[in-house]
Amino acid sequence: MINIALPKGRLGDSVYKSLEAIGYECPEMNEDNRKLIFENEEKGVKYILVKPSDVAVYVEHGAADIGIVGYDVIKENEPDVFELLDLDIGKCSMAVAAPKGFEDTGRGPLRVATKYPHIAKEYYMSINRQIEIITLHGSIELAPIVGLSDVIVDIVETGATLRENGLEVCSYIVKSSARVIANKSSYHFKRDSIEKILSGLGEKAL
């Protein structure tokens with residue numbers, strides 16, 4: 001039995017359809033219900049639906065053998081897992097954004113609001129800029145508008161939300177996409193089964 005942690009939402013739905021297409025279907029997944037665990041013993045697969053930011057935690061601690069997670073989550077949390085495959089979907093970028101016309105004078109610490117403090121600190125350290133991190137969990141775009149921060153570091157897909165709130169990208173930090181990760185012990189003991197899934201997903205990703 002392979003336990004797969006899928007992120008709730010569009011990305012998880014998309015990946016499940018790919019898994020279904022290569023023979024790892026679980027009919028209950030397509031039903032209207034609130035279940036979080038779905039199993040198909042005949043196919044030897046169990047799906048666990050979790051919050052996207054928690055996928056790596058489930059995999060790292062062995063509650064799931066493999067999982068699908070954005071590279072942004074991997075880079076932020078640095079889980080002790082194997083990164084096995086880039087699915088080339090769920091593409092977005094981590095970026096610095098600020099109100100239009102903003103200029104960093106370089107005087108005093110730059111106030112940076114973000115859900116990704118590790119990535120933000122690493123980026124600004126690389127350009128030798130002193131910052132003050134303000135960690136938020138809600139709508140990051142609000143922070144510079146109300147004066148809580150000077151800039152934000154956040155995931156950007158189309159940029160529509162930034163534009164609607166009078167913000168613009170100042171610089172891009174790193175690109176992100178959905179990756180397949182594996183628990184290190186599971187990969188050792190279930191390697192053949194995991195590689196079979198990777199092979200199928202790899203062909204679907206091309």
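Here are legends for a set of close-up views of this predicted model.

**View 1. Two tyrosines, Y16 and Y47, meet edge-to-face.**
Using the ring-pairing rule, the count comes to 3 aromatic pairs. In the pair shown here, Y16 and Y47 sit 5.3 Å apart centre to centre, with 90 degrees between their planes. Y16 belongs to helix α1 (residues 10-21) and Y47 to strand β3 (residues 45-50), so this pair ties together parts that are 31 residues apart in sequence. Are these rings buried or exposed? Y16 has 4% relative accessibility, so it counts as buried. Y47 is buried as well, at 0% relative accessibility.

**View 2. F82 and Y187 make another edge-to-face pair.**
The ring centres of F82 and Y187 are 5.6 Å apart and the planes sit at 70 degrees, and because angles over 60 count as edge-to-face, that is the label this pair gets. F82 comes from strand β5 (residues 82-86) and Y187 from helix α7 (residues 184-189), so we're looking at distant parts of the chain, 105 residues apart. F82 is partly exposed, with 32% relative accessibility. Y187, on the other hand, is buried at 10% relative accessible area.

**View 3. E25 and K43 shake hands in a salt bridge.**
The whole structure holds 11 salt bridges, and in this one the N to O distance is 3.6 Å. E25 is in the loop between α1 and β2 (37-40), while K43 is in the loop between β2 and β3, 18 residues apart. Both partners are partly exposed: E25 has 25% relative accessibility, and K43 has a relative accessible area of 33%.

**View 4. D65 and K190 bridge two loops.**
How far apart are the closest N and O atoms of D65 and K190? They are 2.9 Å apart. D65 is in the loop between α2 (55-60) and β4 (66-70), and K190 is in the loop between α7 and α8 (191-205), so their salt bridge ties together parts that are 125 residues apart in sequence. D65 is buried, at 3% relative accessibility, but K190 is partly exposed, at 28% relative accessible area.

**View 5. D104 and R129 form a salt bridge too.**
Here the N to O distance is 2.8 Å. D104 lies in the loop between β6 (92-99) and β7 (110-114), and R129 lies in the loop between α4 (117-126) and β8 (131-135), 25 residues apart. D104 is partly exposed, with a relative accessible area of 39%. R129 counts as buried, at 14% relative accessibility.

**View 6. D72 is buried and has no salt bridge.**
D72 is part of helix α3 (residues 71-77). Which side chain of opposite charge is nearest to D72? That would be R179, 8.5 Å away. R179 is itself linked with E83 and D86 in a network of salt bridges. As for its neighbours, leaving out residues up to four places away in sequence, D72 touches M94, Y116, I119, I155 and S176.

**View 7. A nonpolar patch sits on the surface.**
Four residues make up this patch: L142, I145, V146 and L148. Together they have about 360 Å² of accessible area. One of them, L142, is found in helix α5 (residues 142-145).

Definitions and conventions:
Residues are numbered from 1 along each chain as its sequence is written. This is a predicted model: local features need pLDDT of at least 70, side-chain atom pairs count only at pLDDT 80 or more; totals for chains, interfaces and linings use all residues. Side-chain values use heavy atoms; hydrogens and water are left out. Patches are made of residues with over 30% relative accessible area and no salt bridge: like charges are joined within 9 Å, nonpolar side chains (Val, Leu, Ile, Met, Phe, Trp, Tyr) within 5 Å. Accessible areas come from the Shrake-Rupley method with a 1.4 Å probe; for residues, only the protein chains shown count as cover. Helices (H or I, at least four residues) and strands (E, at least two) are DSSP runs, numbered from the N terminus. Rings of Phe, Tyr and Trp (its six-membered ring) pair if their centres lie within 6.5 Å; planes under 30 degrees apart count as stacked, over 60 as edge-to-face and the rest as tilted. Buried means under 20% relative accessible area, exposed over 50%, partly exposed in between (1.4 Å probe, protein chains only). Lys and Arg count as positive and Asp and Glu as negative; His and the chain ends are not counted. Contact means heavy atoms within 4.5 Å.
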